[in-house]
Structures are given as structure tokens and as C-alpha cells.
Amino acid sequence: METTNPGAQPAAAPAAGETLLRVENLVKHFEIRGGLLGISTIGAVRAVDGVSFSVRKGETLGLVGESGCGKTTLGKVILRLIPATSGKVTVKNRVLFDIPTEEERKAGRRATVLDAGEMKKARRDLQVVFQDPYASLNPRMSVGEIVGEGPLVHGLTDKGKREDLVRELLARVGLNQSHIHRYPHEFSGGQRQRIGIARALALNPDFVVCDEPVSALDVSIQSQVLNLLDDLQQELGLTYLFIAHNLAVVEHISDRVGVMYLGMMVELAEVDDIYVRPAHPYTVALLSAVPDPNPRNRRRRVILKGDIPSPANPPSGCRFHTRCWLRERLGNPEQCTTVVPEFREIQPGHAVACHFAEEVTPDTIGAAARTGGPVAS
Amino acid sequence: MEGTQVTRIPGGAIPAVDEVDLTPVRTYWQLVRQRFVRHRLAVIAFFLMAILVTAAIAIPLLSGDAWKETSLERINQPASLTAPLGYDSLGINTFARLMKGLQTSLFIGFAAVLVIVFIGVTVGSTAGYFGGWVDNALMRVVDIVLSIPTFFLILMLVAFWGTGNVWVIIIAIGLTGWTTAARLVRAEFLSLREADFVQAAKALGAGDRRVVMRHMIPSAMAPVVVAATLGIADSVVVEAALSFLGFGITPPEASLGNMLTKAQDYFYRNPLLAWYPGITLVLVVLAASFLGDGLRDALDPRQRVETN
């Protein structure tokens, strides 16, 4: 693995920046309804189950994990596009919501949720870029209307001024200003994603949730859009929560990386640290799946057994224990199946949720990894 | 700047526009028109409908009261220049009466569809947008309305409120026919609610009303427009059936349905009297149906149009 990190922005390097986003014990359960009238709750998909982290001003926090691990849901809950079950989110010292858990509610703690008017103001600081540039733009609105909608909603009613603003934004994201009257279907995927970025920037936000912004694009276009996001971050001092499943992309763009598994954060560390010294068995397996462009390199992969368990019925104790290679090596300690591991710092700035994180060493990884050429599965 | 260039991904250095695109600007409706024109039957149907509507408006205007003027001298007179379809057993100009009947039928058809679309979109969008118990309650109402035999409900409503009144017929058809539109709009709304562009509008801070009116209803309307066009055909047929049974438009007012009823009496002597309103009715229904089909294809923004 390359040691130079192309994603480290000089501007974001100081670690002691102020906290822009703070997420505390965020939980989102989707209720499964059933019964005769479809009213009674018969279970819940635990999409996000107690996630805490904070993002510093000007940095990029990458969020990775398999499909269905809850990373997109997490983004949408932070944006209040779907209501949280419980937990607290603070953006720029403004509490978007603070919803108590069932037990806390019984103990008398009340929920505080920003009202509609205040939330609308808060949305100026909190924007989103979606994954699919084909689905995220209204096909019946022109580029000018799409990009100008945010300013319009927030009170910029002067048509001329709005158009000037839109033209400026189009130029900023690298689109031709004369495209202002065109419709989304007339653009390529990369161009559409630029329109989506311009729309997010129209409100001059501080914080942008990028929900897999390049996954739907051609590889050749991906780098352009990533570089655009990178440039915009430096010019405008943006802070990103960058959700992705492509580990190479995350390594490129992030300052810190969080790894999610079944709705929980299992590891969070500086990007150099986590890619070189992963401390959670799941991160180890995930990183070993990154394709190596050199076919002559002998790949050492840690192959996980089985499928990701259902988030409606997650395993007890450590959620990863059903597939954990380390647990097997350590002779299946009981702790793994009974005690939910604490999300603890094993060294400053490197947190991990594993009882035996200290056992994750090059030796144990090497022993677990299969060596060889192309690996099936 | 040099320093940051080094850290870039190779190949990503091209700064701006990734493609030069020289196609002319085309709005959504221009595309719709282009797709519609490709559908030959629909174009024919469009012109047929245009002719029928124009004739139904213009001819009764030009011919004044000819559609109800009886005359003993003209009874069963053959066709002439002023009466292309001859005269009936009361000496009424058949063509003038046919056009007046077409006017009544089309008016009822279009007006009933407006009622249907209004109720259907309101109920369907409310159910689909809010979901949960609102959705459940409204959809059970839809089920109840659907479970009632429509035609008999209309018969009952018309009998209750008075026969022969155009507005009663329109309201009766509207009150029973909105369920399909409501279901279509609800289904569209349920999927649109999760659509990224709707979520993006919410993330921008757009309120419920703006999200529904600006983003969701325009996108949900395509199937409704299609259903409405097909609904015109249905409504015209229902009106004809009501009038045929004597519950709808009653003579001396003219409608395609009561012209058919009257033609029944002379079926063996002058079967053409039944053919005229019958064929007109078929033409209206066919035109509306093909128009609906054409619109279905044309209104789908995912369908591409070749540029040339």
C-alpha cells in the first residue's frame, strides 16, 4: 500500500480544529409492521444503532462499510431527511435534535427538536450531494431552476440576482454558464453531478454530506469530480462527511475514516493510521479486499465467512463475532458473544470497538490471510 | 498550486466541462411533442378529437336551434346540403342534432374527468405524501367506493338528485370515478417521496407545499393525464348508457345516448339513425383511447428522442 496520502489537505491538517458536527448515540430503527391491520410493530431493522463521532471544521470524514451497513441512513438522519429514533446531532453548536431513548423517556427526559423555521435556517449550513446524478435532479426543471431553488426558498426572490448567482456557481463547478436554461437529461453523468454540487453550494453551506457522490460515475469522471470536491473544500473551507464504499476513493479524499458494520461504528482513526495499522478484524478484512493494480503482487486476503447478518436480528455481543477471523484464532472467547465491545481509544485519535484489538498484529493477520493469486468469493 | 497538482489523481487534471455538447436546448414539453409525433395512431387520434371537438362547438353555434326544430313537412326527408344526414321522424335535422348531442356528451366527458382528476389528485397526493394512518384511512375509503357497483351508484345518485340535469350527471360520474386516479397518484407519490430530487428539495429547506406542488405533482401527473384521457372515453360511454336508459339527458335535450334510444324505435325502417350516434360514440372513444396511449409514451421523460 502506498504510504503517501494524496488526500491530505494542508488546510485541514491541524488536528485541533473546532468541532462542526457532533453525533451522539444516534439510533435509527425502521419498524417492521405487521399484524391484521398492519399497525402493530413486530420488529425493527436496526439500520443505525448507537453511532457517535464528531467532525472538525475543514476536515473530511470518510465513512465506509458494506452495502446495508447503515452509512446512507446515517447521512439522511443527520440531515433530518428521515427522523431519528433517538440520539443527538449538533451542527455549528446548534442542536438539530436531541431525542431520548425509551429508557430515558421513562425517566422523564424530553425530546428537543429544532422547529421548522429554525431547521430551515440550519439547512443553509447543512447540504447534501447524492449518489445518483440521474435521480437527484428534477427532470422537469432547468439547471437554473434547480441550482437557484435553494436561494429562492431562502428568500432570494429577485430573478436577476438569482441568475447571476447560478451562473457564478456553474462556473465554480466547471460548467458552461450558457447551460443555465438546459434540462438535466441533456447532460452527462459527470456534468449532472456537478449540477448537484452547485445546488448544494448555492446556500453557501459549511458542511456537506457527500453520499457516495462518485459511485455512479465512470471511473474516468470520478477523479474529476473528486478533484472538484477537493478544490471546493480548499477554496470555501468546506467540511465533508464523505460516505462511500470505494476504499481507494475514501483514502484519497479523507482526513479521518470511520468504518461501519451493521449499523455500528467499529473503527475510527486518521486515514494514514487506519490504512496502515487497522485495529479491528473487520477493517483488516475490508482493506485486504482493495484490489491491487499490480497483477504480479501476491495478494494476501483475509476472507470473511458467510453473509452479513440481518440488521433486523443482529448477533449478540460483538456484531461481528459471527464472521470474525480473530475470534476463531483466539479460541472463541465467550466475551465476544456476550459483551458488546466498548468503542475505546487504543491510542490517541484511534478508536475501535473490539475486545481484542491489541491482538490484531501483522502476525495474526498473516496467519489468517490466504496467500495466492486470484481469490474466489 | 504546483504543490497540490502533484497530489492529484492522474487523469483528473482536466478542469472544466467534460464534454462539449452542442445539441439545441430542448424543454420538457418540446421533447414530449417530439415523442408524441412519433406515435402515428395518436397523431391521427389527436386530429380526430380536434375535429370532433371543433364540430361539436361550431356546428350547434352556426345552426342555431336546428337541433330541436320539428317540422311535419320534413319528416323522414332524405339528405340534402343543409341536412347531410337527412331528417328524422319528427322532422329534426339529424346532423344538427347529432352535433348537439356530441357537444353534450363531450362536455359531460371532459367535465367529469376534471372532477375525477381534482378529487383523485387531492386524495392520492395526501395519502401518498403523508403515508401512515392518513394513507390507510384514505385508501380504505377508495376500497369502499370501489366495492360499490359504479353504474348502479350513478343511477341512484341521478335518480335521487333529478334526471336530465347535466351537472348532476357530471358530479355523479366524478364522485364514483376518482378511485383509479387517486391510486395512481398515491403510488407515484410513495415512490417520489423517496426520490433523491425530492429529498434534495427538502434538504434545501423547501416546505411541504413547494415540494408537493413543484416537485411531486408534476412528476406524478403523467399517469394521471393518461388515465384522464382514457377516462373521457369512459365518461362519454357512461353518459350514453344513462341517457339510453332514460336517466341521463332526456329529450328535447340532445345527447348521443338519447339519440340511440330514439333510433331504437325505427331500427328496421331506418337503421342509419342508430348508426350515426353509434359511430360518433365509437369515434370519440377510439380517439380518446389512442390519444391516451400516445400521451403515455410521450410523457415518460426516460424515453429518449433521437436528435436529427
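In which strand of chain A does A:Asp211 lie? Select that residue in your viewer and you'll land in strand S8. Before you go further, keep in mind that this is a predicted model.

**Stop 1: A:Asp211**

Is A:Asp211 buried or exposed? With a relative accessible area of 7%, A:Asp211 is buried, because anything under 20% counts that way. Now show what surrounds this residue. Leaving out residues up to four places away in sequence, A:Asp211 touches A:Thr72, A:Val129, A:Phe130, A:Gln131 and A:Ile243. Pick out A:Thr72 from that group: its side chain and the side chain of A:Asp211 are joined by a polar contact of 3.2 Å. Then click on A:Ile243. In sequence, A:Asp211 and A:Ile243 are 32 residues apart, yet their C-alpha atoms are 4.9 Å apart in space.

**Stop 2: the whole of strand S8**

Widen your selection to residues 207-211 of chain A, which make up S8(A). Five of the five residues here are buried, so the strand is largely enclosed by the rest of the structure. Try looking at one face and then the other. On one side you'll find A:Phe207, A:Val209 and A:Asp211, and on the other A:Val208 and A:Cys210, and they are all buried.

**Stop 3: the neighbours of S8**

Add residues 126-129 of chain A, which form strand S7. S7(A) and S8(A) run parallel and are joined by four bridges. One pair to highlight is A:Val128 with its bridge partner in S8(A), A:Val209.

Next, add strand S9, residues 239-243 of chain A. S9(A) also pairs with S8(A) in the parallel sense, this time over five bridges. Here the bridge partner of A:Val209 is A:Leu241.

What kind of unit do S8(A), helix H7 and S9(A) make? Colour H7, residues 219-236 of chain A, together with the two strands and you have a right-handed β-α-β unit.

**Stop 4: an antiparallel sheet**

Stay in chain A and look for an open sheet of five strands. Follow the order S2-S1-S4-S5-S6 across the sheet; the pairing is antiparallel. Which strands stand at the edges? They are S2 (40-56) and S6 (112-113); each has a single partner strand, so one side of each is left without a neighbour in the sheet.

Now colour helix H1, residues 71-78 of chain A, which packs on this sheet. H1(A) touches S1 (19-34), S2, S4 and S5, and the direction of the helix makes about 110 degrees with that of S1(A).

Zoom in on S4 (residues 86-91) and S5 (residues 94-99) of chain A, which pair in the antiparallel sense over five bridges. A:Val91 stands opposite A:Arg94 in S5(A). S4(A) and S5(A) form a hairpin with two residues between them, and A:Lys92 in the turn has a positive phi of about 50 degrees.

Move on to S5(A) and S6(A), an antiparallel pair with two bridges. Select A:Asp98 and you can spot A:Thr112 opposite, in S6(A).

**Stop 5: chain B**

Finally, switch to chain B. How many helices and strands does chain B have? The tally is 12 helices and zero strands. Colour chain B by burial, and 44% of its 308 residues count as buried. Switch on the surface, too: the accessible surface of chain B comes to about 15,900 Å², and 67% of that belongs to carbon and sulfur atoms.

Methods. Residues are numbered from 1 along each chain as its sequence is written. Chains are lettered from A and ligands numbered from 1 in the order in which they are written. This is a predicted model: local features need pLDDT of at least 70, side-chain atom pairs count only at pLDDT 80 or more; totals for chains, interfaces and linings use all residues. Side-chain values use heavy atoms; hydrogens and water are left out. Buried means under 20% relative accessible area, exposed over 50%, partly exposed in between (1.4 Å probe, protein chains only). Two strands pair if DSSP finds at least two bridges between them. A crossover is right-handed if, with the strands pointing away from the viewer, the path from the first strand over the helix to the second runs clockwise. Accessible areas come from the Shrake-Rupley method with a 1.4 Å probe; for residues, only the protein chains shown count as cover. Contact means heavy atoms within 4.5 Å. A polar contact is a pair of N or O atoms within 3.5 Å; within protein, one must be able to donate a hydrogen and the other to accept it, and residues adjacent in sequence count only if both atoms are side-chain atoms. Axes are lines fitted to C-alpha atoms, for helices over the stretch in contact, and angles run from 0 to 180 degrees between N-to-C directions.
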